[in-house]
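This report is written for a reader who is meeting the structure for the first time. It looks at how some of the helices pack and at where empty space is left.

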Amino acid sequence: MKTIISILISVLVGLGVAIGGSQGGSTLDGLPVFLLCGILAFAVNWLVYIPANIYQTEKYYDLTGSLTYLTVIAIACLFSGPLDARSALVALMVVIWALRLGSFLFRRISADGKDARFDKIKVNPLRFFLTWTLQGTWVALTAASALVIITTETRLPIDIFAIIGLTMWVAGFAIEIIADNQKSQFRSDPKNAGRFITTGLWAWSRHPNYFGEILLWTGITVASLPLLVG
């Protein structure tokens, strides 16, 4: 029962954000494009869950997350009004990030063979389904500001918010890449098996890659501030 409630809450949160973010946005035959993207965020993950559950594999979980971002951004760009510089730039930023992180995580799990965190989850269909649902919620939440910028019917020129946001995104993206590479090199050395990396950026933060992730998405949010309504 707790798992079912968690699934329902996750869906309601994701769709709630999509409905709220739809204010002042483009529509497709009366359906807000932002809301359509929110629905797709779950649909893509639920579709891939079917074969993943049959074969009890998490190998394509992270890759599906990146595919979901690419899908919702593509749909948002396709069915929104003509893109201006801000929306085109943000769309490109999300695409670059998704391709980089998705390919990195897929290479990592291909090399490792599995993600041990899923060992006890993937044997339980309902709990496994929850993880795919949470990924849909994650996409809807983190991409919300980017979707606001792309789908809004209000177009504004590049301003100080966009410049600050872009600067934050570049810094966060660089930190994430450097941290991921440092950890990969650390793990490739057999003598570091079972140890936690405390060198490089990891000497300053326990999870600098997550810090970079938070910083780059916060940058996109800063860029969206002049466009938020309701």
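In which sense, left-handed or right-handed, does helix 3 pass helix 5? In this predicted model, the crossing of helix 3 past helix 5 is right-handed.

**Two helices against helix 5**

The axes of helix 3 and helix 5 come within 10 Å of each other and cross at roughly 40°. Since angles under 35 degrees count as roughly parallel, the two are not placed in that class, and helix 3 and helix 5 are therefore oblique to each other. From helix 3, the residues that take part in the contact are Tyr61, Asp62, Thr64, Gly65, Thr68, Tyr69 and Val72, and they meet Thr131, Trp132, Gln135, Trp138, Val139 and Thr142 of helix 5. Sorted by class, the residues of this contact are six nonpolar, six polar and one charged.

Helix 2, which covers residues 33-54, also packs on helix 5, which covers residues 125-142, and here the angle is about 150° with the axes 8 Å apart. Because angles over 145 degrees count as roughly antiparallel, helix 2 and helix 5 are described as roughly antiparallel to each other. The crossing of helix 2 and helix 5 is right-handed. On the side of helix 2, the contact is made by Ala41, Phe42, Asn45, Trp46, Val48, Tyr49, Ala52 and Asn53, while helix 5 brings Pro125, Phe128, Phe129, Trp132, Thr133, Gln135, Gly136, Thr137 and Val139. The residues of this contact comprise eleven nonpolar and six polar ones, with no charged residue among them.

**Empty space in the model**

Rolling a probe the size of a water molecule over the atoms shows where empty space is left. The table sets the volumes side by side.

| Space | Volume |
|---|---|
| Largest pocket | about 1100 Å³ |
| Second largest pocket | about 170 Å³ |
| Largest cavity | about 50 Å³ |

The largest pocket is lined by 33 residues, and those closest to its centre are Asp62, Leu105, Arg108, Arg117 and Tyr210. Two or more residues of this lining come from each of helix 3 (61-79), helix 4, helix 5, helix 7 and helix 8 (208-224). Helix 4 gives the most to the lining of the largest pocket, with nine residues. By class, the lining of the largest pocket has 14 nonpolar, eight polar and eleven charged residues. Asp62 therefore links two parts of this account, as a residue of helix 3 that meets helix 5 and as one of the residues closest to the centre of the largest pocket.

The second largest pocket is lined by Lys183, Phe186, Arg187, Asp189, Asn192, Ala193, Gly194, Arg195, Phe196 and Ile197. Among the residues of this lining, four are nonpolar, two are polar and four are charged.

How many cavities of 30 Å³ or more does the structure hold? There is one cavity of 30 Å³ or more, and the lining of the largest cavity is formed by Arg86, Leu89, Val90, Met93, Ala162, Gly165, Leu166 and Ala223. The elements that give two or more residues to this lining are helix 4 (85-112) and helix 7 (160-187). Helix 4 gives the most to the lining of the largest cavity, with four residues, as helix 4 also gives the most to the lining of the largest pocket. The residues that line the largest cavity are, by class, six nonpolar, one polar and one charged.

Methods
Residues are numbered from 1 along each chain as its sequence is written. This is a predicted model: local features need pLDDT of at least 70, side-chain atom pairs count only at pLDDT 80 or more; totals for chains, interfaces and linings use all residues. Side-chain values use heavy atoms; hydrogens and water are left out. Axes are lines fitted to C-alpha atoms, for helices over the stretch in contact, and angles run from 0 to 180 degrees between N-to-C directions. Angles under 35 degrees count as roughly parallel, over 145 as roughly antiparallel, 65 to 115 as roughly perpendicular and the rest as oblique. A crossing is left-handed if the near helix is turned anticlockwise from the far one by less than a right angle, and right-handed if clockwise. Contact means heavy atoms within 4.5 Å. Ala, Val, Leu, Ile, Met, Phe, Trp, Tyr, Cys and Pro count as nonpolar, Asp, Glu, Lys and Arg as charged, and the others, Gly among them, as polar. On a 1 Å grid over the protein atoms alone, a cavity is a set of points where a 1.4 Å probe fits but cannot get out, and a pocket is an open set with protein on both sides within 12 Å along at least five of seven lines; lining residues have an atom within 4 Å of a point. Grid points are joined across faces, edges and corners, and a volume is the space filled by probe spheres set on the points.
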